[in-house]
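This report walks through selected helices, a buried strand position, the nonpolar cores and some backbone angles, and it is best read with the structure open alongside.

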Amino acid sequence: MKQANREPYDILYARLSQEDEREGESNSIQNQRMILEQYASEKGFTNPYFLYDDGFSGTNFNRPGWNSAMRLIESGMVRTLIVKDLSRLGREYLEVGKLTELVFPSYGVRFIAINDNVDSFYGENDFVPFKNLFNEFYAKDTSRKIRAVKKAQAQRGERLATRPRYGYRKADGDPKKIVRDPQAADVVQKIFLLCASGKGPSQIARLLKREQILNPSNYYFKKYGVALTGLDTTRPFEWSETTVTKILEDEIYLGHTISLRYTTQSYKNKRRIERPETVICTQNSGHIKN
């Protein structure tokens, strides 16, 4: 329900993914905003509200900015939604079609895609379904190319992970190479020595906690200021049996580079699944020991 005495919004929505960045400045958030605001000003939209998502794939509709736009639409507080082109709304044929043909009309939202000459005020555009289908093909083709590149890199023994394992850090001047992180590496060595002396993972975890050694997630947060999944700053010295076991079983500490262990079901479904057979590429990255 629309709020009384409040002018509804003319939402200016922008989206940029990592794949879009490769096309250059034309799709940048700043450039999209400039185009949208200029269009809104020239066409007389009196209550523009800019929302955006930076770094989100067009096949993913669970985006913070887009979720905010949908909440406003469902509250009856939006009269117009303007994007630079249809691909900014998304690259998933069925979902974009549902939005443009069912959701927006049901809430009385006028939809405009500037560069595609789409404006629902003037009725249906027969070109829209074909454009949406092309946008989805683009996402599928891009995904296929990226997978091929990653596979080739793995076969060459290159490290694909963005974050080094606990005990290593990125080499200065060469982020693809990892080197020993002295402070954390000493803890990893300690874990292996304790295991070799007959202590189990739960005993090792209790010992590390008693000695007040930062667990991996808190160590990373303190060193780099990045919060990893599961970070609990209220218990920085809490080591679990599972964490210790993972370290003891990780072949990376033998000097191996292990890639392509996980994949996703498709370019649409990003749920991570483990491959039946892990592709292991070995290079001399160095043991955690000196």
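Is Gln212 buried or exposed? In this predicted model, Gln212 has a relative accessible area of 53%, and because the cut-off for the exposed class is over 50%, Gln212 counts as exposed. Its place is in the loop between α8 (201-210) and α9 (216-224), and although Gln212 is not a glycine, its phi is positive, at about 55 degrees.

**Positive phi angles**

Most residues other than glycine have a negative phi. Asn117, like Gln212, is listed below for this reason: phi of Asn117 is positive although the residue is not a glycine, and Asn117 lies in the loop between β4 and β5 (118-119), where it is exposed with a relative accessible area of 66%. The table also holds two glycines, Gly44, which comes just after α2, and Gly198, which follows α7.

| Residue | Place | Phi |
|---|---|---|
| Gly44 | just after α2 | about 80 degrees |
| Asn117 | loop between β4 and β5 | near 55 degrees |
| Gly198 | after α7 | near 110 degrees |
| Gln212 | loop between α8 and α9 | about 55 degrees |

**Helix α2**

Helix α2 covers residues 29-43, and its 15 residues reach 21 Å from the first C-alpha to the last, close to the 21 Å expected at 1.5 Å a residue. Its buried residues are Ile29, Asn31, Gln32, Leu36, Tyr39 and Ala40; they cover an arc of only 165 degrees around the axis, which puts them on the same side of α2. An α-helix has 3.6 residues a turn, so residues three or four places apart point the same way. The exposed residues Gln30, Ser41 and Glu42 sit on the face of α2 turned away from the buried side. The buried residues themselves pack against four strands and a helix, namely β1 (9-16), β2 (48-54), β3 (78-83), β4 (110-113) and α4 (86-89).

**Thr80 and the nonpolar cores**

Strand β3 contains Thr80, which counts as buried because its relative accessibility is 3%. Leaving aside neighbours within four places in sequence, Thr80 is in contact with Tyr9, Asp10, Ile11, Phe45, Val109, Arg110 and Ile112.

The largest nonpolar core has 24 residues, of which Ile11, Trp66, Leu81, Leu89, Leu99, Phe104 and Phe111 touch the most other members. At least two residues of this core are supplied by each of β1, α3 (64-74), β3, α4, α5 (93-106) and β4, and the largest share, five residues, comes from α3. For Phe104, again leaving aside neighbours within four places in sequence, the contacts are Trp66, Ile73, Leu81, Leu89, Leu99, Val109 and Phe111. Apart from this core lies another, of 20 residues, among them Ala205, Leu207, Leu214 and Tyr253.

**Helix α7**

What span should the 15 residues of helix α7 have at 1.5 Å a residue? For residues 182-196 the expected value is 21 Å, and the end C-alpha atoms are 21 Å apart, which agrees. Ala184, Ala185, Val187, Val188, Ile191 and Leu194 are buried in α7, and the buried residues of this helix pack against β7 (174-180), α8, α9 and α10 (241-249).

Key: Residues numbered from 1 in each chain as written. Predicted model: local features only at pLDDT ≥ 70, side-chain atom pairs only at ≥ 80, totals over all residues. Heavy atoms only, no water. Expected span 1.5 Å × (residues − 1). Buried < 20%, exposed > 50% of the residue type's maximum accessible area, 1.4 Å probe, protein only. Arc of directions from axis to C-beta. Contact = heavy atoms within 4.5 Å. Core = buried A, V, L, I, M, F, W, Y, C linked by side-chain atoms within 4.5 Å.
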